[in-house]
Amino acid sequence: MDSVATMLRRARDAYERRAWADALGLLRAADEVTALGTDDLERMFWSAGMLDRDPDIVAAAERLVKAHSDAGRDDRAAYWACFHGSRLLALGEHGRATAWLQRAQRLVESFGRECSTQGYLALLAAQKDLRAGSDETSAAHARQALAIGERCRDIDLVAFARCVLGRALIRQGRVEEGIASLDEAMLPVIGGELSPVVTGLVYCNLIAECRQVYALDRSREWTDALSAWCGAQPQLVQFNGACMLHRAEIMEMNGNWPEAIAESRRAASSPVAKAARDNTIGGAAYQEAEIHRLRGEFAAAEEMYRNASRLGLEPQPGMALLRLMQGRTEQAAATLRRVLATTEAPLSRARLLPAMIEIAIAAGAIEEACNACRELEATASRFATEILGAIASQARGEIEMHDGSAAAALGHFRAALAIWQRAGAPYLEARLRVLAGQACRMLVDEDGAGLEFDAARSIFVELGAAPDLDRLNALARPITPSAHGLTRREIEVLTHITTGKTNRTIAVELGLSEKTVDRHVSNIFDKLAVNSRAAATAYAFQHGLL
């Protein structure tokens, strides 16, 4: 049997190689023979953290607090009491967490001089403020933590404080300044200067914030770096699931849909994702549902959206868009109204508003669509990122096209299209080309429409986007005055559509159920090969149906 000295030597070597499971196993074995010193207890803590082993994390932290306290090192005891409390917060054990954080505060006061733990306590306050939407207060606490970290020369604290500060600045609309702070937080990460867990936390926080503001280039760049970091640690558990989910989202954006589904399933099956508190598995279910929806696999999409919901994730706007594709427009609109009513953060609302605009236009709720578009434009102006600008431009184009301003709409579509092409998002590019083609058709430019439709078709075929391809093929068919095949009742409904009435209002005026009107509207769209009320209105006037 190995001696304790041999086990510790091997454990320290495994730790340096980032073989976390080997290191933890050897440290535990040595500890059974003779109690570990504080340096090896710290190695045990970080190894357990990288393996997401909560019992070992908690036990090591409590022993570190006691050992340093017994040795009269109140600053180090405070440090580990703070880390212990923050871990308990992550586990949802708020009572115990508060007790340990209060103990950390008392130890800091007992120490009597400035120490890094004061900065970590300020950082916890900054994160709490960030969750509550108090962005300015969060930034102030983060700056306090940053200053303490710099004076105490605690590189972990400095990097994490810059990360939280960057997030707070972005939420205030100071995007360029916030991104710069996030980038600076990454410098010691790249240099391998941070402790293992803090390295992973900085990676994940930075990528999440870049996704919030659609900073796609940085999301791709840092996700690749996180993937490499995780890949260099075969025994890593913590952070691996989140890394896979980030990769799946980027794969979907890039049009690699089969690979995105495979990566989502890997994320969902990772050991840490199976922990009850982890939301990776819910995000993976939603990600898979999105691709099933876009491929027209509606039953599979429905199942995965429901899985995401059972796991505590709001499956919107995807599920509402599924309802729209199924012809259940009013249900889709009602769902998004409900979610928007309880969503306050501007960037979270910006994720929902494009779907609300599309659904509201389809439902004939034009004023609601216009209001949503104005809000989206205001958010894009406040946060001033290129992708948000493209999303707002597309929305404005859809409103203009509904109002019959095809030339203005086409300008907005062209501006957004250039941005999505640069971003490498083929599906979104193809959707815009369809809209541009419809605008060309409204301007009686069938050649222009044909070019846009052909370009979109090749993308949809390559991706396997069956519903969009079916709709496009119907749109691209030559239209003739006698080809509509509308019944008398459908023409009556179409007449009301051209006046801007909602399905609910039409139902009341015609003495029909709203469900019956929904079905008539769906039939009208199919027969006229259009996908919006504006296009149906234009067709009606162009072909003398009224």
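Two residues are in contact here when heavy atoms lie within 4.5 Å of each other. With that in hand, let us walk through this model, which is predicted.

**The overall picture**

The protein has 29 helices and zero strands. Its C-alpha atoms fill a box of roughly 90 × 45 × 40 Å along the principal axes. Of the 546 residues, 56% count as buried. Among contacts with a separation of 6 or more, 58% come from residues 24 or more positions apart.

**A covered helix**

A good place to start is helix H17, which spans residues 318-325. How many of the eight residues of H17 are buried? Seven of them are, so to speak of this helix as mostly covered is fair, given that buried means under 20% relative accessible area. The buried residues are Gly-318, Met-319, Ala-320, Leu-321, Leu-322, Arg-323 and Leu-324. An arginine, Arg-323, is thus on the buried list of H17. What covers the buried residues of H17? The cover includes helix H15 (280-294) and helix H16 (298-310), together with helix H18 (329-341) and helix H19 (346-363). Just after H17, Gly-327 adopts a positive phi of about 85 degrees.

**Two helices side by side**

Next, look at helix H8 (residues 135-152) and helix H9 (residues 155-171), which pack with their axes 8 Å apart and at an angle of about 160 degrees. Why do H8 and H9 count as roughly antiparallel? Angles over 145 degrees fall in that class, and therefore H8 and H9 are described as roughly antiparallel to each other. The crossing of H8 past H9 is left-handed.

On the H8 side, the residues that meet H9 include Ala-139, Ala-142, Leu-146 and Ile-148. Their counterparts in H9 include Leu-157, Val-158, Ala-161 and Leu-165. Charged side chains take part as well, among them Arg-143 in H8 and Arg-162 in H9. By class, the contact of H8 with H9 has twelve nonpolar, two polar and five charged residues.

**Salt bridges**

A search of the whole structure finds 44 salt bridges. Here are some of them, with the distance between the closest N and O atoms.

| Pair | Closest N and O atoms |
|---|---|
| Arg-12 and Asp-40 | 2.7 Å |
| Arg-431 and Asp-468 | 3.8 Å |
| Arg-504 and Glu-514 | 3.4 Å |

Arg-12 and Asp-40 form a salt bridge that links distant parts of the chain, since Arg-12 sits in helix H1 (residues 4-16) and Asp-40 in helix H3 (residues 38-51), 28 residues apart. Are the two partners buried or partly exposed? Arg-12 has 34% relative accessibility and counts as partly exposed, whereas Asp-40 is buried at 5%.

The salt bridge of Arg-431 with Asp-468 ties together parts that are 37 residues apart in sequence, because Arg-431 lies in helix H23 (residues 426-442) and Asp-468 in helix H25 (residues 466-476). Arg-431 is partly exposed, with a relative accessible area of 27%, and Asp-468 is buried, with 13%.

In the salt bridge of Arg-504 with Glu-514, Arg-504 belongs to helix H27 (residues 503-510) and Glu-514 to helix H28 (residues 514-528), so the pair ties together parts that are ten residues apart in sequence. Glu-514 is partly exposed, its relative accessible area being 23%.

Finally, salt bridges that share partners join Arg-414, Glu-429, Arg-433 and Glu-452 into one network.

How values were computed
Residues numbered from 1 in each chain as written. Predicted model: local features only at pLDDT ≥ 70, side-chain atom pairs only at ≥ 80, totals over all residues. Heavy atoms only, no water. Salt bridge = Lys/Arg side-chain N within 4 Å of Asp/Glu carboxyl O. Helix = DSSP H or I, 4+ residues; strand = E, 2+ residues; numbered from the N terminus. Buried < 20%, exposed > 50% of the residue type's maximum accessible area, 1.4 Å probe, protein only. Axes fitted to C-alpha atoms, helices over the stretch in contact; angles between N-to-C directions. Parallel < 35°, antiparallel > 145°, perpendicular 65-115°, else oblique. Left-handed = near helix turned anticlockwise from the far one by under 90°.
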